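Hi,

Here is the structure I said I would pass on. Have a look at it first, and then read my notes on the aromatic rings below.

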Amino acid sequence: MGFLKNKNSIAAVAAAVLVIVSFLTAVKFLSNTVEEHYESVKTVCLDAGHGADDAGAISADGVRIEKNDNLRLTLKVRDLLEERGVKVVLTREDDSDITLKERCKLANKKRCDLFVSLHRNSAVSGSGFEAWIAKEPKGNEEEIAKKLVKALCDISELPDRGVKRGYRNSSGNNYYVNSNTNMPSILLEVGFVTNEADNKSFDENLGKNAEAIADIIYESLLKTEQA
């Protein structure tokens, strides 16, 4: 009888261990998909466009590379938002290679309240600021985007190219980051890297631009929290 009792006890312990292991495995699996949301703090994902071998646009003289400007601006915006108590998730904070899919997956996993992708534009003769949102917005990104573009134009006095939906040269698609993030998403083009006047403005107004972007993001998150 003592042998059977010990055997039953061992079996019970083994079953309990199995249940605990199964539970921990399930928790680990789910944590790889969605992380705990910062309930007391609004969270924004800042995406410095391009990176590593994906240089983005390049100036006519080959000196200025978009990926570097994107990161410079993103890090300044990050610092300003964190000073205001906003939780900031960066898709990259150095010259890293990260796919569009990975950028969206990170923002979704962290359950961010807003996704802002910072870029520089390029064209033969283009100048000014514009923003892109999905054809069917997920929230108040159009309102936020309009404020961002206007604020940058007011600082630089460069052209306001407006807020556009979808994807450049295509009526059927969105930019990947606007389609594949679960939260309101904006792709902001901060001047043209192919325009000398835009580049001069970008350098001279880097701090002011970052402050304007941070202010508008903060105000929009605060407004959402109070709604």
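**Aromatic contacts**

Searching the whole structure turns up two aromatic pairs. In one of them, W132 and Y175 meet edge-to-face, with 5.3 Å centre to centre and 70° between the planes. This pair links distant parts of the chain: W132 is in strand β4 (residues 129–133), while Y175 is in the loop between β5 (160–165) and α5 (176–179), 43 residues apart. Keep in mind that this is a predicted model.

The other pair is Y167 with Y175, and this one is tilted: the centres are 4.4 Å apart, with 50° between the planes. Put the rings together and you get one aromatic cluster of W132, Y167 and Y175.

So which of these residues are buried, and which partly exposed? W132 has 6% relative accessibility, so it counts as buried. Y175 counts as buried too, because its relative accessibility is 13%; the cut-off for buried is under 20%. Y167 is at 37% relative accessibility, so it counts as partly exposed.

One more thing to look for when you have the model open. What sits over the ring of F202? That would be the charged end of R120, 4.5 Å from the centre of the F202 ring.

If you want a place to start, try Y175, which pairs with W132 and also with Y167.

Cheers

Definitions and conventions
Residues numbered from 1 in each chain as written. Predicted model: local features only at pLDDT ≥ 70, side-chain atom pairs only at ≥ 80, totals over all residues. Heavy atoms only, no water. Phe/Tyr/Trp six-rings, centres within 6.5 Å; stacked < 30°, edge-to-face > 60°. Helix = DSSP H or I, 4+ residues; strand = E, 2+ residues; numbered from the N terminus. Buried < 20%, exposed > 50% of the residue type's maximum accessible area, 1.4 Å probe, protein only. Lys NZ or Arg CZ within 6 Å of the ring centre and 35° of its normal.
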